[in-house]
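Work through the following exercises with the sequence and the model side by side. Try each task before you read its solution.

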Amino acid sequence: MSRDLGLRRLRRLDRSALITASVAALSVTASGCVVVHGEREVLPATTRAEAARALQEFTAAYNEADKAYDSSLDADHTTGALADIDGARLKAGRVNSPQGNARHTPLELTDARFTIPKKAGWPRWFLADADGNKGGKARWLLVFTRDGLDETWEAAYLTLVAPDDIPEFKTDEDGWAEAVPANSSDVTVEPGELGEEYTSFLKGGGAVFSDGPHTSGWRTQREKKSSRPGLATQYIDEPLTNGDYAPLALRTKDGGALVFFATRHFEKQTAAAGASVPTPNKDVLALTTGEIRQSLTMEFVSNEVALDPADGEVEVLGRIQGLTSARGE
């Protein structure tokens with residue numbers, strides 16, 4: 001074989017390889033549209049119409065589950081911290097009211113606004129911000145996430161925030177928002193480290209967080225509770241950072257970030273000799289294993305939303321917490 005002939009064949013092989021690679025990277029639908037692999041391309045997480053459907057489907061499933069006190073009815077529409085909190089609430093309700101929730105009032109979410117970031121890779125996610133017929137004047141902030149095109153959108157975070165506290169988001173000319181990476185260092189605390197900073201603050205204080213009901217106010221409540229005569233109260237706080245508990249952040253117009261994150265908290269009450277732990281309410285008892293003799297350990301999951309500025313103190317805007325289990329000893 002001549003050298004020129006060998007080179008021509010190599011070039012043909014190279015062109016074939018490039019064509020094969022291009023075909024592998026793109027899929028052509030029957031309508032002729034080209035579908036780009038979402039794991040590599042920076043794309044909006046979803047359409048606004050699909051986001052609206054996801055919120056509607058969540059609300060319908062949430063209402064069915066709440067009416068029946070049956071967590072299986074909305075299990076496909078919740079995940080992460082919200083699934084833990086909501087599932088435990090429904091479990092306790094089922095134990096105490098096997099026939100269902102006699103006080104059920106359907107949740108109605110109106111005036112919904114959707115903030116949808118462009119990003120590469122999974123999970124894809126978006127923020128729904130709506131008025132609710134529960135929770136007073138606060139806006140309902142729900143973060144929906146999914147790990148693939150064939151999966152159902154699931155609500156991972158739910159917080160209630162005063163309308164004036166919701167920041168303006170940075171968007172491009174088409175209205176798509178910007179996701180802030182977990183390791184972004186252009187804000188006061190990297191979003192991925194916010195849970196760790198928060199649990200450290202609850203234990204020892206510090207200057208990272210501004211004063212408020214979910215920071216200094218919560219620490220004050222704990223200190224008062226710990227000083228009750230005849231009852232020792234201990235706390236352990238842990239960040240939740242992996243999988244469906246991973247922090248998610250949106251870039252704000254002023255260069256900061258709005259961060260959703262989750263934490264786990266343990267509260268152990270131990271009575272002094274000759275005393276007893278205060279009798280918990282029926283919902284706590286419904287989630288309690290063991291016999292409460294000298295101590296009660298309660299486990300809570302909490303999800304928070306915070307303003308993480310480019311410079312300055314972090315402000316925790318909202319927090320929803322729920323008991324997930326308890327153990328008597």
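**Exercise 1.** Compare the reach of helix α3 with the expected span, and list its buried residues.

*Solution.* Begin with the extent: helix α3, where helices are DSSP runs of H or I with at least four residues and strands are E runs of at least two, all numbered from the N terminus, covers residues 80-96 and has 17 residues. The expected span is 1.5 Å times one less than the number of residues, which gives 24 Å for α3, and the helix reaches 25 Å from its first C-alpha to its last, close to that value. Next, apply the accessibility classes, in which buried means under 20% relative accessible area, exposed means over 50% and partly exposed lies in between, with a 1.4 Å probe and protein chains only. The buried residues of α3 are then Gly-80, Ala-81, Leu-82, Ile-85, Asp-86, Ala-88, Leu-90, Ala-92 and Gly-93.

This is a predicted model, in which local features need pLDDT of at least 70 and side-chain atom pairs count only at pLDDT 80 or more, whereas totals for chains, interfaces and linings use all residues. Residues are numbered from 1 along each chain as its sequence is written, and side-chain values use heavy atoms, with hydrogens and water left out.

**Exercise 2.** Describe the surroundings of Glu-267.

*Solution.* First locate the residue: Glu-267 is in strand β12, residues 257-271, and it counts as buried because its relative accessibility is 8%. Then look for contacts (heavy atoms within 4.5 Å); apart from neighbours within four places in sequence, those of Glu-267 include Lys-225, Gln-234 and Phe-300. Although Gln-234 is 33 residues away along the chain, its C-alpha atom is separated from that of Glu-267 by 5.7 Å. Finally, check for polar contacts, which are pairs of N or O atoms within 3.5 Å where, within protein, one must be able to donate a hydrogen and the other to accept it, and residues adjacent in sequence count only if both atoms are side-chain atoms. The side chain of Glu-267 makes one with the side chain of Lys-225 at 2.7 Å, and another, of 3.1 Å, with that of Gln-269.

**Exercise 3.** Which parts of the chain does the salt bridge between Asp-186 and Arg-251 tie together?

*Solution.* Start from the rule that a salt bridge is a side-chain nitrogen of Lys or Arg within 4 Å of a carboxyl oxygen of Asp or Glu; for Asp-186 and Arg-251 the closest N and O atoms are 3.0 Å apart. Asp-186 lies in the loop between β9 and α4, and Arg-251 in strand β11, so the pair ties together parts that are 65 residues apart in sequence. As a last step, compare accessibility: Asp-186 is partly exposed at 39%, whereas Arg-251 is buried at 7%.
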